[in-house]
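Got the model open in your viewer? Here's a short tour of what to select and what you'll find there.

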Amino acid sequence: MERIHETFQRGQAPRLIPFIMAGDPDLNSTVSLLRVLDQEGAAAVEVGFPFSDPLADGPVIQQAASRALGQGMTLRRLWEMISTARERGVRVPLILFSYYNPLLSYGLHQLTADAKQAGFDGIIVPDLPVEESEGMRELCDQRGLALIPLVAPTSRERIGRIVSRAKGFVYCVSSLGTTGRRDRFSRGVESFLEEVRSRSPVPTVVGFGISRGEHVRHFSRFADGVVVGSALVERIASVSERLRRAEERPQALDEIRRFVRELKTE
C-alpha cells in the first residue's frame, strides 16, 4: 500500500495506469510487459485475473481472459509470476483486478496473504459492492493491501459512503456499460469526477474507454490518474505471436513501449 501512496506523491500528470491480463499471451510475456511498464514510469499497473463471466469487461478483455485461461492461468501461477517480476526489479505498484467468485473460491484469508506475499499492493473487485465489502476490507487492512472501490456516474447518492473508507485510490468509471474503446463518454463525467475528487480522502483515477493520448491528457485534469485497458490489451494481442518467440520478443516489447509513450505524450 505504501508504494501506491508514494507513486501519487511524486511526478506530474499524466499518471498512467495500464491494465494487462495476466497470462496473455503467456506467463513469461506478462513478466516482460510488467518490466516495460515499470521502466516507462507507470503510476501503477492493474493486473487482471481471467474469469469466464466478466460482467464489466468488453470483448477485447473478454478475449484476453479466454486466451489466458487457455494458457492454464491460475491464482497460484499468478503469485509465481508476480514474485518473479518483483525479483527482476519491478517496483511499480501492482493492483490485482479480479471478480469476486474466483477469490471466494480460493479462500479470502489465503488469497489476501498470498497476494501480499507475491508482491501485490492492492485489489480491485468490480462486482463487490461497498455494502458487502466489510469482510474483504478487514482482511486487506490486516495484510497491508488497499481494497480499491469503484464508483460510477450512477453512484452519486452513494459517493460519500463508497469513498469514506477507500485505501490506495478510488476508481471512477467514466461511462456506463462495459470496458472498451470509446469516442464519447457519459455526459457530465467531468463534474462527476470533480465531485468524487473533492470528497475522496485518497487520489482518484478514471478508466473505461480511455484509449488515446488526447483522452489521457483530458481526464488528467479531473483525476489523479488515468487507466488505459482495452487499447493496451488490443495492442498486446497484435504482437502476441512475437511475444511468445524469444528472438522476436524484444522488438514486440519495443512496440508496446512506443504505444505507452504515445499515450503519455500524444
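**Stop one: a buried leucine**

Select Leu-193 to begin: its relative accessibility is 1%, so it counts as buried (under 20% relative accessible area; exposed is over 50% and partly exposed in between, with a 1.4 Å probe and protein chains only). Before going on, note that this is a predicted model, where local features need pLDDT of at least 70, side-chain atom pairs count only at pLDDT 80 or more, and totals for chains, interfaces and linings use all residues. Residues are numbered from 1 along each chain as its sequence is written, and side-chain values use heavy atoms, with hydrogens and water left out.

Leu-193 sits in helix α9, residues 189–199 (helices are DSSP runs of H or I, at least four residues, and strands are runs of E, at least two, numbered from the N terminus). Now show its contacts, meaning heavy atoms within 4.5 Å. Skipping neighbours within four places in sequence, Leu-193 touches Cys-172, Val-206, Phe-219 and Phe-222. Try a distance label to Phe-219: 26 residues away in sequence, with the C-alpha atoms 8.9 Å apart.

**Stop two: helix α7**

Next, select 134–143, which is α7; its buried residues are Met-136, Arg-137, Leu-139 and Cys-140. They span an arc of only 165° around the axis, which puts them on the same side of α7 (the arc is taken from the directions from the helix axis to the C-beta atoms). What do the buried residues of α7 pack against? Add α5 (100–106), α6 (108–118), β4 (122–124) and β5 (146–148) to your selection, and you have the answer. Just past the end of α7, click Gly-144, where phi is positive at about 80°.

**Stop three: α2 and its two partners**

Finally, show α2 (27–39) with α13 (249–265): their axes come within 10 Å and cross at roughly 40° (axes are lines fitted to C-alpha atoms, for helices over the stretch in contact, and angles run from 0 to 180 degrees between N-to-C directions). That makes α2 oblique to α13 (under 35 degrees is roughly parallel, over 145 roughly antiparallel, 65 to 115 roughly perpendicular, and the rest oblique). For side chains, display α2 residues including Leu-33 and Val-36, and α13 residues including Leu-253 and Ile-256; these belong to the contact.

Swap α13 for α4 (75–87): here the axes of α2 and α4 come within 9 Å and also cross at roughly 40°. Leu-27, Thr-30, Val-31 and Leu-34 of α2 meet Arg-77, Met-81, Ile-82, Thr-84 and Ala-85 of α4.
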